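The exercises below are to be worked with the sequence and the three-dimensional structure in view. Each task is followed by a solution in steps.

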Amino acid sequence: MKIALGIKGNSVNKAHFGMSEKYRIYELEDGMLNFIEERINENFTQHKHSEVEDIMKILSDCNVWVAKSMGKKSKEVIMELGYTPLIINSDSIQEAEKEIVKALDHN
């Protein structure tokens, strides 16, 4: 399972998921969250808000999209497309990683 976490600078993005500067990509295997790579949100660098269609170009291979904030319509579209939106409370990347594992590791 691949997971995308929206970040800005060195912490979790506090704005909507589509306004993330970058996305940290992880894989969850056997209760362990393994960092794979970071992907840049080109719309952020152009000072634009990314819509779901824009983010799909970056994160189509990620099953779970993690953010502190996500619009209601965006969440609905994401779920209709077969992806899982996950809203977290953590500000630091390290705490977010723990929260992600706790939320997703049901086995």
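**Exercise 1. A helix residue**

Is Ala103 buried, partly exposed or exposed? Place the residue in its element, and then relate its position to that of Cys62.

*Solution.* The model is a predicted one, and every value below is computed from it.
Step 1. Ala103 belongs to helix α4, which spans residues 93-104.
Step 2. Its relative accessibility is 34%. Buried requires a value under 20% and exposed a value over 50%, so Ala103 counts as partly exposed.
Step 3. Cys62 is 41 residues away from Ala103 along the chain, and 16 Å separate the two C-alpha atoms.

**Exercise 2. The two sides of helix α2**

Determine which residues of helix α2 are buried, how they are arranged about the axis, and what covers them.

*Solution.*
Step 1. Helix α2 comprises residues 52-59, and its buried residues are Val52, Ile55, Ile58 and Leu59.
Step 2. Viewed down the axis of α2, these buried residues fall within an arc of 115 degrees, and therefore they line one face of the helix.
Step 3. On the face turned away from the buried side, α2 carries the exposed residues Glu53 and Lys57.
Step 4. The cover over the buried residues of α2 includes the strands β1 (2-8), β3 (22-29), β4 (32-40) and β5 (64-67), together with helix α3 (72-80).

**Exercise 3. A buried arginine**

Establish where Arg39 lies, whether it is buried or exposed, and which polar contacts its side chain makes.

*Solution.*
Step 1. Arg39 is located in strand β4.
Step 2. Its relative accessible area is 13%. The limit for a buried residue is under 20%, so Arg39 is buried.
Step 3. The side chain of Arg39 is joined to that of Glu37 by a polar contact of 2.9 Å.
Step 4. A polar atom of the Arg39 side chain also lies 2.7 Å from the backbone oxygen of Ile58, a residue already identified among the buried ones of α2.
Step 5. With neighbours within four places in sequence left aside, the contacts of Arg39 include Lys2, Tyr23, Ile58, Leu59 and Cys62.

**Exercise 4. Aromatic pairs**

Characterise the aromatic pairs formed by Phe17, and identify the cluster to which this residue belongs.

*Solution.*
Step 1. The whole structure holds 4 aromatic pairs.
Step 2. In one of them, Phe17 and Tyr23 are 4.9 Å apart centre to centre, with 50 degrees between the planes, and the pair is tilted.
Step 3. Phe17 also pairs with Trp65; here the centres are 5.7 Å apart and the planes differ by 15 degrees. Planes under 30 degrees apart count as stacked, so this pair is stacked.
Step 4. The pair of Phe17 and Trp65 links distant parts of the chain: Phe17 is in the loop between β2 (11-12) and β3, whereas Trp65 is in strand β5, 48 residues apart.
Step 5. Phe17 is buried at 4% relative accessibility, as is Tyr23 at 0% and Trp65 at 0%.
Step 6. Phe17, Tyr23 and Trp65 join Tyr83 in one aromatic cluster.

**Exercise 5. Strand pairing and a turn**

Trace the pairing of β3 with its partners β1 and β4, and describe the turn that follows β3.

*Solution.*
Step 1. The pairing of β1 with β3 is antiparallel and runs over 6 bridges; within it, Ile3 stands opposite Tyr26 of β3.
Step 2. The pairing of β3 with β4 is likewise antiparallel, over 8 bridges, and Tyr26 stands opposite Phe35 of β4.
Step 3. A hairpin is formed by β3 and β4, with 2 residues between them.
Step 4. Asp30 lies in this loop and has a positive phi near 50 degrees, although it is a residue other than glycine.
Step 5. Asp30 counts as exposed, because its relative accessibility is 81%.

**Exercise 6. The nonpolar cores**

Describe the largest nonpolar core and the elements that supply it.

*Solution.*
Step 1. This core has 16 residues, and Ile3, Leu5, Val66 and Ile100 are those with the most contacts inside it.
Step 2. At least two of its residues come from each of β1, β3, β5 and α4, and α4 supplies the largest share, 5 residues.
Step 3. Beyond its neighbours within four places in sequence, Ile3 contacts residues including Tyr26, Leu33, Val66, Ile100 and Leu104.
Step 4. There is a second, separate core of 14 residues, and Ile55, Trp65, Ala67 and Met70 are among them.

Key:
Residues are numbered from 1 along each chain as its sequence is written. This is a predicted model: local features need pLDDT of at least 70, side-chain atom pairs count only at pLDDT 80 or more; totals for chains, interfaces and linings use all residues. Side-chain values use heavy atoms; hydrogens and water are left out. Buried means under 20% relative accessible area, exposed over 50%, partly exposed in between (1.4 Å probe, protein chains only). Helices (H or I, at least four residues) and strands (E, at least two) are DSSP runs, numbered from the N terminus. The arc is that of the directions from the helix axis to the C-beta atoms. Contact means heavy atoms within 4.5 Å. Rings of Phe, Tyr and Trp (its six-membered ring) pair if their centres lie within 6.5 Å; planes under 30 degrees apart count as stacked, over 60 as edge-to-face and the rest as tilted. A polar contact is a pair of N or O atoms within 3.5 Å; within protein, one must be able to donate a hydrogen and the other to accept it, and residues adjacent in sequence count only if both atoms are side-chain atoms. Two strands pair if DSSP finds at least two bridges between them. A nonpolar core is a set of buried Ala, Val, Leu, Ile, Met, Phe, Trp, Tyr and Cys residues joined through side-chain atoms within 4.5 Å.
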